[in-house]
Amino acid sequence: MPAIETSEKKMTVVVDVVKKRKTRFEKKISLFGLIFAMHWIVGLLLFHAFPLFMSAYYSLTSYSILEPGEFVGFNNYATLFQDKVFWISIYNTLYYTVIFVPLSIVMGVGLALLLNLKIRGQGIYRTLFFIPSLVPPVATTIIWLWLLNPQFGLVNYWLDQIGISGPPWIGSESWSKPSLILMSLWGTGQAVVIYLAGLQDIPQDYYDAAQVDGANAWQRTKTITLPLLTPVIFFNLIMGTIGALQNFVLPYTLSNGQGTPANSMMFYVMYLYTNGFGYLKMGYASAMAWILFLLVIILTALIFVSQKRWVHYQGKE
């Protein structure tokens, strides 16, 4: 019995030593991992976390680029709610978002379904629809300024050929935002590629079973394709909404940063940029940035809540 107890004690000592060695090895691995990740952590803190907290502080001050400013509390937010242009910019941004995002989804899904058909030259057609999304926004603006010119633009020329008097487009207060939506829809190629990837992920077995049951093309699309494509639609809805709320380049280039005509092209981020870098009211602009941040969070949360009603994942009832 004493011999057995001695051997057990020796085994316990050996196990303890192995555990200690393993712990030291794990500590060393963790240290090396921290060292290799340090540059990323420093970059995150320096270029993301620090500006985030400083913008929250500046939103409570009268800070400008030239002067440190004074602490004013929530005065910037109170002034914003009394700013007429601020409310106009919110209206323009929401108008654009509510119309553009659903249209881009419908157009993107429709084009993806057409480009998914097994036809000759399929790759060429896909490339042609994707190319516009690669064009820089400034170049897109120049192209569409020429196309939508009321006097010599091709769009009004074609409308005139069929007996329709073309509108003034960008030069009109009522047509400026629809014109911008039309320009933005021209670059839906990236979303189409994502929808195509989602279509390729749908198993062919479902279509074969539906075809055996006598379902036609529309019934297969309605009961199989669209429900199983809803996760991809959900993703593009989230990203499209966030991108539309931050729309800046096209309206800024079209109106030279003025939001003309009659502030109909003054979008939220444009007004934020104008206050921050045009009027040097960084505190005011920081308050606008935090309001936009809260607006994005609220809309994104609402979309996430709604997904339980209409998003269907494979393998789930």
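## Helices throughout

Helices here are DSSP runs of H or I, at least four residues long, and strands are runs of E, at least two long. By that rule, the protein chain of this predicted model has 13 helices and 0 strands. From the N terminus on, the order of elements is therefore a run of α alone, α-α-α-α-α-α-α-α-α-α-α-α-α.

## Overall dimensions

How does the radius of gyration of the protein chain stand against that of a compact globule of 317 residues? The globule would come out near 20 Å. The protein chain has 28 Å. Along the principal axes, its C-alpha atoms fill a box of roughly 110 × 75 × 35 Å.

Contacts give another view of the fold. Take the contacts in the protein chain with a separation of 6 or more. Of these, 67% link residues 24 or more positions apart.

## Surface and charge

The accessible surface of the protein chain is about 20200 Å². Carbon and sulfur atoms account for 68% of that surface. Of the 317 residues, 36% count as buried.

Charged side chains come in two sets. The protein chain carries 20 positive and 14 negative ones. The centres of the two sets are 8 Å apart.

## Ser 104 in helix α3

Helix α3 covers residues 84-115, and Ser 104 is found in it. Is Ser 104 buried or exposed? Its relative accessible area is 13%. The cut-off for buried is under 20%, so Ser 104 counts as buried.

Which partners does Ser 104 have? Its side chain reaches the backbone oxygen of Val 101 at 2.7 Å. Beyond neighbours within four places in sequence, Ser 104 is in contact with Leu 185 and Thr 188.

## Asn 236 in helix α10

A second polar residue to look at is Asn 236, placed in helix α10, residues 217-245. Asn 236 has a relative accessible area of 11%. That value falls under the 20% cut-off, so Asn 236 is buried too.

With neighbours within four places in sequence set aside, Asn 236 is in contact with Ala 191, Ile 194 and Tyr 195. How far from Asn 236 is Gln 204? The two are 32 residues apart in sequence. In space, they are 24 Å apart, C-alpha to C-alpha.

How values were computed:
Residues numbered from 1 in each chain as written. Predicted model: local features only at pLDDT ≥ 70, side-chain atom pairs only at ≥ 80, totals over all residues. Heavy atoms only, no water. Rg over C-alpha atoms; globule rule 2.2 N^0.38 Å. Buried < 20%, exposed > 50% of the residue type's maximum accessible area, 1.4 Å probe, protein only. Contact = heavy atoms within 4.5 Å. Areas by Shrake-Rupley, 256 points an atom, 1.4 Å probe, with all protein chains shown as cover. Lys, Arg positive; Asp, Glu negative; His and termini not counted. Charge placed at Lys NZ, Arg CZ, Asp CG, Glu CD. Polar contact = N/O pair within 3.5 Å; in protein donor to acceptor, adjacent residues only side chain to side chain.
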